[in-house]
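Here's a quick briefing to read alongside the structure. Have the viewer open and follow along topic by topic.

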Amino acid sequence: MIIKACATRLSRIVLPLTLLAVGTSFVPSAIAQQTRLYNPIPLPSSNQVSDTLSERDIPTGDGGFARDYLVRFNQGDNIAIDLVSDQFDTIVALMSPEGATLAENDDGPDGTTNSLLFTRITQTGNYIVRVRSFGETGGGAFTLRVTRLRPI
């Protein structure tokens, strides 16, 4: 009787500990899956991409969406980032390797809702070029072009 009582008490302790051990063994894989949720798209070597912004992309909180492209820049690069779409009002942003927004442009100088951004890179690293829609203007097809400008 004493052995049965001890076995019952022991099972009440061991079972929760076993479940705790099993539950925590899944935490590293859950963390690994979470870190894979954000994967900026490497910009092709042509430095141009035609793509589509949709509700499957990053929600901006304004009712719109964003898509990120990874680009390597060198210190001293002068760049132009051109974002064109006939289907939504574009905004282009350049984010530093640390994630800070360095520059952003809504409407380009041509009077359209396309975006054109000029900037100089002060530190070598991997940058994010973020394509997004203005407010709730949705998404659609766009063309993104990154140009390294050369002095004449």
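Which residue in β4 is the bridge partner of I41? The partner is Y69, and both this residue and its strand come back several times below. Keep in mind that this is a predicted model. In outline, the protein has two helices and 10 strands, and along the sequence the helices come before the strands, in the pattern α-α-β-β-β-β-β-β-β-β-β-β.

**Overall picture**

- The protein has 152 residues, and 32% of them count as buried.
- About 9,800 Å² of the protein is exposed, with carbon and sulfur atoms supplying 58% of that area.
- If you look at contacts with a separation of 6 or more, 73% of them involve residues 24 or more positions apart.

**β4 and its partners**

- Is β4 mostly enclosed or open? Seven of its nine residues are buried, so β4 is largely enclosed by the rest of the structure.
- β1, residues 41-42, runs parallel to β4, and two bridges join them. That's where the I41 and Y69 pairing sits.
- β3, residues 58-59, pairs with β4 in the antiparallel sense, again over two bridges. Here I58 has A66 as its bridge partner in β4.
- The hairpin of β3 and β4 has five residues between the strands, and in it G61 takes a positive phi near 90 degrees.
- β9 is joined to β4 by eight bridges, and these two strands run antiparallel. For a landmark, find L70, which stands opposite I128 in β9.

**The four-stranded sheet**

- Four strands make an open sheet, and its order is β2-β10-β5-β8 with antiparallel pairing.
- β2 and β8 (115-120) are the edge strands, each pairing on one side only.
- From one strand to the next, the twist averages 20 degrees.
- Between β2 and β10 there are six bridges, in the antiparallel sense. D51 stands opposite F142 of β10, and F142 is worth remembering for the next two topics.

**The nonpolar core**

- How many residues are in the largest nonpolar core? There are 22, and those with the most contacts inside it are F73, I81, L94, V129, F142 and L144.
- Six elements give two or more residues to this core: β2 (48-53), β4 (65-73), β5 (78-84), β6 (90-95), β9 (125-133) and β10 (140-149).
- Which of these gives the most? That's β4, with four residues.
- V129 makes a good starting point for a tour of the surroundings. Setting aside neighbours within four places in sequence, its contacts include R67, D68, Y69 and V71, as well as I81, V92, A93 and L94. L144 and V146 are also in contact with V129.

**Aromatic pairs**

- The structure holds three aromatic pairs.
- Why does the pair of F88 and F142 count as edge-to-face? The ring centres of F88 and F142 are 6.3 Å apart and the planes are at 85 degrees, so the pair is edge-to-face.
- This pair ties together distant parts of the chain, with F88 in the loop between β5 and β6, F142 in strand β10, and their positions 54 residues apart.
- Both partners are tucked away: F88 is buried at 4% relative accessible area, and F142 counts as buried at 3%.
- Y69 joins in too, since ring pairs link Y69, F88 and F142 into a cluster.

**S133, a buried serine**

- S133 lies in strand β9, and with a relative accessible area of 0%, S133 is buried.
- What does S133 touch, apart from residues up to four places away in sequence? The list is L53, G64, F65, F88, D89 and G138.
- F88 is therefore shared ground: F88 touches S133 and pairs with F142 in the edge-to-face arrangement.
- The C-alpha atoms of S133 and V92 are separated by 8.7 Å, while the two residues are 41 residues apart along the chain.

Methods
Residues are numbered from 1 along each chain as its sequence is written. This is a predicted model: local features need pLDDT of at least 70, side-chain atom pairs count only at pLDDT 80 or more; totals for chains, interfaces and linings use all residues. Side-chain values use heavy atoms; hydrogens and water are left out. A nonpolar core is a set of buried Ala, Val, Leu, Ile, Met, Phe, Trp, Tyr and Cys residues joined through side-chain atoms within 4.5 Å. Buried means under 20% relative accessible area, exposed over 50%, partly exposed in between (1.4 Å probe, protein chains only). Contact means heavy atoms within 4.5 Å. Accessible areas come from the Shrake-Rupley method with a 1.4 Å probe; for residues, only the protein chains shown count as cover. Two strands pair if DSSP finds at least two bridges between them. Axes are lines fitted to C-alpha atoms, for helices over the stretch in contact, and angles run from 0 to 180 degrees between N-to-C directions. Rings of Phe, Tyr and Trp (its six-membered ring) pair if their centres lie within 6.5 Å; planes under 30 degrees apart count as stacked, over 60 as edge-to-face and the rest as tilted.
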